[in-house]
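Dear colleague,

I am handing over the structure below, together with some notes on what came out of going through it. Please read the notes with the structure open beside them.

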Amino acid sequence: MSKAVTYKWYVLTSKPRDEQRAYDNLVSQGYHCFLPKISKVKKRNGVKSLTLEPLFPNYLFIQLDDEQANFNAIRSTRGIGAFVRFGMNHATIDADIIEQIRANQAQSSQPKTLEQMLDYQSGDLVTIQQGPFQGLTAIYQAKDGLERSILMINMLGQQSPVSVGNDAFDKGEA
């Protein structure tokens with residue numbers, strides 16, 4: 001009598017900033033893995049660029065048959081940190097959640113361009129990165145010419161409009 005093979009999705013940690021290496025090494029060994037990624041705007045030396053980064057930094061998922069899997073070989077793969085555990089049990093994630101993340105990524109399969117990512121809409125939350133208001137959170141209102149924008153800053157309990165250079169603020173992150 002044969003037993004039905006049951007595959008589970010396990011959660012792995014990678015070494016710092018080594019998610020892609022871990023993923024590539026596991027796939028080359030024939031494992032079925034998942035490393036969800038998201039587009040982000042990064043600023044280096046004052047220049048904004050678009051990068052594709054892991055949705056869950058330092059984590060990836062692997063589908064295994066818990067009866068046949070060689071957990072030690074996987075754990076010693078280059079780029080892998082360890083299996084996530086809860087006590088003595090390996091952490092698993094429901095296959096429906098993995099499929100939902102995949103579906104969400106497929107919906108946004110057309111990656112946004114840098115211009116689209118930097119296209120601010122009225123009401124977007126931004127953080128001022130330079131100048132006298134550095135570190136404050138503001139609400140984007142509108143463009144003020146080609147190089148400046150109007151932001152609403154909460155000062156002394158009132159919303160006050162301020163004109164700020166477009167390179168002096170970023171969406172949401174401090």
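A good place to begin is Tyr59, which at 36% relative accessibility counts as partly exposed and which lies in strand E5. Please keep in mind throughout that this is a predicted model.

Tyr59 takes part in a nonpolar surface patch of about 310 Å², to which Ile38, Leu55 and Phe56 also belong. Tyr59 is also among the residues touched by Ser14, whose other contacts, leaving aside residues up to four places away in sequence, include Glu19, Ala22, Leu60 and Ile80. Ser14 belongs to strand E1 and is buried, its relative accessible area being 8%.

Another residue touched by Ser14 is Asn58, which sits in the loop between strand E4 (47–54) and strand E5 (59–65). Although Asn58 is not a glycine, it has a positive phi of about 70°, and with a relative accessible area of 29% it is partly exposed. A positive phi in a residue other than glycine also occurs at Arg17, where the value is near 55°. Arg17 is placed in the loop between strand E1 (7–14) and helix H1 (19–28), and it is exposed, with a relative accessible area of 74%.

Turning to the charged pairs, the count of salt bridges comes to 3. In one of them, Lys8 is joined to Asp66, with the closest N and O atoms 3.4 Å apart. This pair links distant parts of the chain, since Lys8 is in strand E1 while Asp66 is in the loop between E5 and helix H2 (71–75), 58 residues apart. Lys8 is partly exposed at a relative accessible area of 36%, and Asp66 is likewise partly exposed, at 27%.

Arg21 forms a salt bridge with Asp18, and here the closest N and O atoms are 3.7 Å apart. Arg21 is partly exposed, with a relative accessible area of 38%, whereas Asp18, at 19%, is buried; the label for Asp18 deserves some care, because buried means under 20% relative accessible area.

Glu99 and Arg102 form a salt bridge as well, with the closest N and O atoms 3.5 Å apart. These two residues are 3 residues apart in helix H3 (residues 95–107), so they are separated by about one helical turn. Glu99 is partly exposed at 43% relative accessibility, and Arg102 is partly exposed with a relative accessible area of 25%.

There is also a sheet to look at, in which 5 strands form an open arrangement in the order E13-E12-E11-E10-E14, with antiparallel pairing. Its edge strands are E13 (158–165) and E14 (169–171), each of which pairs on one side only, and the twist from one strand to the next averages 45°.

Within this sheet, strand E10 (residues 125–128) is joined to E14 by 3 bridges, and Ile128 has Phe169 in E14 as its bridge partner. E10 is also joined by 3 bridges to strand E11 (residues 137–143), where Thr127 stands opposite Thr137. E11 in turn pairs with strand E12 (residues 148–155) over 5 bridges, with Ile153 in E12 as the bridge partner of Ala138. E11 and E12 form a hairpin with 4 residues between them, and Gly145 in the turn has a positive phi of about 90°.

With best regards

Note on methods. Residues numbered from 1 in each chain as written. Predicted model: local features only at pLDDT ≥ 70, side-chain atom pairs only at ≥ 80, totals over all residues. Heavy atoms only, no water. Pairing = 2+ DSSP bridges. Axes fitted to C-alpha atoms, helices over the stretch in contact; angles between N-to-C directions. Buried < 20%, exposed > 50% of the residue type's maximum accessible area, 1.4 Å probe, protein only. Patch = residues over 30% accessible without salt bridge, like charges linked within 9 Å, V, L, I, M, F, W, Y side chains within 5 Å. Areas by Shrake-Rupley, 256 points an atom, 1.4 Å probe, with all protein chains shown as cover. Salt bridge = Lys/Arg side-chain N within 4 Å of Asp/Glu carboxyl O. Contact = heavy atoms within 4.5 Å.
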